[in-house]
Amino acid sequence: MAYVDGFVLAVPEKNKDAYLKLATEMAALFRDWGATKTVECWGDDVPDGKLTSFPMAVKAEPGETVLFSWIWWPDKATREAGHKKMMESKHMNAPADMPFDGKRMIFGGFEVILES
């Protein structure tokens, strides 16, 4: 059964290119570690909510855009092995000029229960 890592984060609009560069580099590594697909989605129609919303969840500030991202793994075992390789990798040292605030990133692992 496929497995997905999902992420929601706020990225300063001025850092879009820097984020895309980092995401492109990481996507190649994730594929090396067993992922079959990575997707990065720049918020285009992400409204503020009254009770809850993507912007509220990541405490988006003025000048930031919500980003929705996921990594597709063939199964949870491959994801777990990939995460182990990721944590052992020198590439996982966060750059000093990280293009987003990782403390406000929401993430989790999900078992795929329907794919259509």
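This section describes the β-sheet of a predicted model, the helix packed on it and the largest pocket.

Strands of a sheet pair through backbone hydrogen bonds, in either a parallel or an antiparallel manner. In the predicted model, four strands make up an open sheet with the order β2-β3-β1-β4, and their pairing is antiparallel. The edges of the sheet are formed by β2 and β4, each of which pairs on one side only. On average, neighbouring strands of this sheet are turned by 15° against each other, direction ignored. Between the antiparallel strands β1 and β3, 10 bridges are found. V8 is positioned opposite F68, a residue of β3. The helix α1 lies across three strands, β1, β2 and β3, and runs at about 165° to β2.

The largest pocket holds about 900 Å³ of space. Its lining comprises 38 residues, with L22, M26, M92, M98 and F100 lying nearest the centre of the pocket. Two or more lining residues are contributed by each of the strands β1 (3–12), β2 (37–42), β3 (64–73) and β4 (106–111), and likewise by the helices α1 (16–32) and α3 (76–88). Of these elements, α1 gives the most to the lining, with 10 residues. By residue class, the lining of the largest pocket divides into 23 nonpolar, nine polar and six charged residues. The helix α1 is thus described in two settings: α1 lies across β1, β2 and β3 of the sheet, and α1 supplies 10 residues to the lining of the largest pocket.

Definitions and conventions: Residues numbered from 1 in each chain as written. Predicted model: local features only at pLDDT ≥ 70, side-chain atom pairs only at ≥ 80, totals over all residues. Heavy atoms only, no water. 1 Å grid on protein atoms, 1.4 Å probe; cavity = no way out; pocket = protein on both sides within 12 Å on 5 of 7 lines; lining within 4 Å. Points joined across faces, edges and corners; volume = space filled by probe spheres on them. Nonpolar A, V, L, I, M, F, W, Y, C, P; charged D, E, K, R; others polar. Pairing = 2+ DSSP bridges. Axes fitted to C-alpha atoms, helices over the stretch in contact; angles between N-to-C directions. Contact = heavy atoms within 4.5 Å.
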